[in-house]
Structures are given as C-alpha cells and as structure tokens.
Amino acid sequence: MTRQRSKFQDKENKKGLVLGSVVATLIAISPFLFTLHESVPNVKTWDTFFGLYESNYYESLFVLAWTLANKVIPLFLLFIWFLTCKHWWYHTILVPIAMYVFHIIEVFNDDLRFAEENQIVYLLPVMAIIIPSIYLIRARIFNKINEASKSMEELEDEFKISPKNFWDKVKQYF
C-alpha cells in the first residue's frame with residue numbers, strides 16, 4: 001500500500017514538475033515573443049502565404065505588429081497568471097483580460113477614430129459580475145475569521161475551487 005501511494009505521488013510530482021517547467025518556459029520566452037514584431041516589414045501592404053494584408057489605419061504593418069505585441073504579450077501573461085493562480089481572488093484577473101481583448105479588437109478595427117474609446121461600456125458587464133462576487137467571497141472569509149480561529153490560508157483553501165487539470169479549469173467558466 002505504501003509503495004503504491006508513493007508511486008502515485010511520484011507521478012503527481014513529475015506531472016507538476018513538467019507543467020511548472022512548461023509554464024516557466026512560456027514566461028521566460030515572452031520577451032522573445034515580444035520582439036517578433038521586428039520581423040514584420042515596414043510597408044503598408046504585405047503579401048504572405050496567409051493572404052494579402054493592408055494596413056489602412058496604421059499605414060505600416062510594422063507599427064500594427066508592434067501595437068499588437070503590446071496587447072497580446074500582456075494578455076498571454078495574464079492568461080498564464082489566471083490559469084495558475086491559486087488564490088480566492090483569481091477571478092478579478094478576468095477584468096484586465098477582458099480589457100486587453102477589447103484592445104486587440106480595436107487594433108483590428110480599420111474604422112477606428114480614437115483608440116480605446118468607450119471601452120468601459122463593454123467592460124461593465126464583466127465587472128458587474130466579478131466585483132460583487134469577489135466582494136461576497138471576501139465578506140464570507142472575514143466573517144469566518146471573526147467566528148472561527150482558522151488562519152487566512154485555511155479559509156482560502158476552503159473557498160478555493162481546484163479543478164484537477166487544465167480542461168476542468170477551462171470548463172469551470174463555461
């Protein structure tokens with residue numbers, strides 16, 4: 001029985017080590033991903049095997065790629081943070097994720113007049129759900145602290161939703 005349990009724990013430890021190594025590698029290569037925009041030519045029209053792309057608003061594909069890199073890389077890092085965060089407040093990370101998604105949509109909007117205009121209107125539904133739910137969880141935690149002698153870590157563990165794998169965590173939101 002002890003041998004079987006230790007083999008299971010070894011598999012779990014190896015799985016965690018591999019996943020942690022992948023996440024650390026992705027974070028470590030993010031500066032290199034940011035510099036990928038330098039490989040885009042400074043032209044208005046670019047014909048690639050994906051098709052022809054013409055930059056009407058930015059007048060240069062290099063500027064478009066630089067702008068996208070400034071939005072996509074932080075979004076990428078926020079997704080990693082959201083998927084790996086073990087704190088009770090990790091849902092609040094959805095607010096900046098939604099903000100960056102709207103920024104990226106605006107970058108591709110060719111008829112854009114003023115960057116990031118009225119974005120708060122689109123973020124209000126996201127914030128209207130997340131902020132009250134985080135406040136209610138926080139209130140429950142502090143009520144339990146006042147009633148019980150548990151530590152903050154024990155209370156966070158009590159409220160934590162911990163899916164078993166990546167897909168369970170993704171399914172939790174849909």
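Two residues are in contact here when heavy atoms of theirs lie within 4.5 Å. The model is predicted, so local features need pLDDT of at least 70 and side-chain atom pairs count only at pLDDT 80 or more, while totals for chains, interfaces and linings use all residues. Residues are numbered from 1 along each chain as its sequence is written, and side-chain values use heavy atoms, with hydrogens and water left out.

**Exercise 1. Get your bearings**

Work out how many helices and strands the protein has and in what order the elements run.

Solution. Start with the definition: helices (H or I, at least four residues) and strands (E, at least two) are DSSP runs, numbered from the N terminus. Counting them gives six helices and two strands. Read from the N terminus, the order is α-β-β-α-α-α-α-α.

Next, burial. Buried means under 20% relative accessible area, exposed means over 50%, and partly exposed is in between (1.4 Å probe, protein chains only). Of the 174 residues, 24% count as buried.

Last, look at the contacts between residues at least 6 apart in sequence: 54% of them join residues at least 24 apart.

**Exercise 2. Follow Leu-33**

Find the element that holds Leu-33, then list what Leu-33 touches beyond its sequence neighbours.

Solution. Leu-33 sits in helix H1. Its relative accessible area is 30%, so Leu-33 is partly exposed. Skip the neighbours within four places in sequence, and Leu-33 is in contact with Ile-73 and Phe-76. For a C-alpha check, go to Ala-69: this residue is 36 places from Leu-33 along the chain, and their C-alpha atoms are separated by 8.1 Å.

**Exercise 3. Track down the salt bridge**

Which side chains meet in a salt bridge, and where in the chain are they?

Solution. Here's the general idea: side chains of opposite charge can pair when their charged atoms come close. The rule asks for a side-chain nitrogen of Lys or Arg within 4 Å of a carboxyl oxygen of Asp or Glu. Apply it and you get one salt bridge. The partners are Lys-44 and Glu-59, at 3.5 Å from N to O. This pair links distant parts of the chain, 15 residues apart: Lys-44 is in the loop between helix H1 (2–34) and strand S1 (45–48), and Glu-59 is in the loop between S2 and H2.

Now check each partner. Lys-44 has 33% relative accessibility, so Lys-44 counts as partly exposed. Glu-59 is partly exposed too, since its value is 46%. Leaving out neighbours within four places, Lys-44 also has contacts with others, including Tyr-53, Asn-56 and Leu-61. The C-alpha atoms of Lys-44 and Phe-62, 18 residues apart in sequence, are 8.6 Å apart in space.

Glu-59 has one more thing to show you. Most residues other than glycine have a negative phi. Phi of Glu-59, however, is near 65 degrees, a positive value in a residue other than glycine.

**Exercise 4. Step along to Ser-60**

Decide whether Ser-60 is buried or exposed, and name the residues that Ser-60 touches.

Solution. Ser-60 lies in the loop between strand S2 (51–54) and helix H2 (61–84). With a relative accessible area of 6%, Ser-60 is buried. Not counting residues up to four places away in sequence, Ser-60 touches Asn-42, Val-43 and Ser-55.

**Exercise 5. Describe how H2 packs on H3**

Give the axis distance and the angle for H2 and H3, then say what kinds of residue make up their contact.

Solution. Two packed helices are described by the angle between their axes and the distance between the axes. Axes are lines fitted to C-alpha atoms, for helices over the stretch in contact, and angles run from 0 to 180 degrees between N-to-C directions. The axes of H2 and H3 (residues 94–108) come within 9 Å and cross at roughly 160 degrees. That makes the two helices roughly antiparallel (angles over 145 degrees).

Now for the residues. Among those that meet are Leu-64, Leu-75 and Phe-82 in H2, with Ile-97, Tyr-100 and Phe-108 in H3. The contact divides into 16 nonpolar, three polar and one charged. Here Ala, Val, Leu, Ile, Met, Phe, Trp, Tyr, Cys and Pro count as nonpolar, Asp, Glu, Lys and Arg as charged, and the others, Gly among them, as polar.

**Exercise 6. Compare sequence and space**

How far apart in space are the C-alpha atoms of Trp-88 and Ile-134?

Solution. Trp-88 is in the loop between H2 and H3, and Trp-88 is buried at 12%. Ile-134 is 46 residues away in sequence, and the C-alpha distance is 8.2 Å.

Terms used: Angles under 35 degrees count as roughly parallel, over 145 as roughly antiparallel, 65 to 115 as roughly perpendicular and the rest as oblique.
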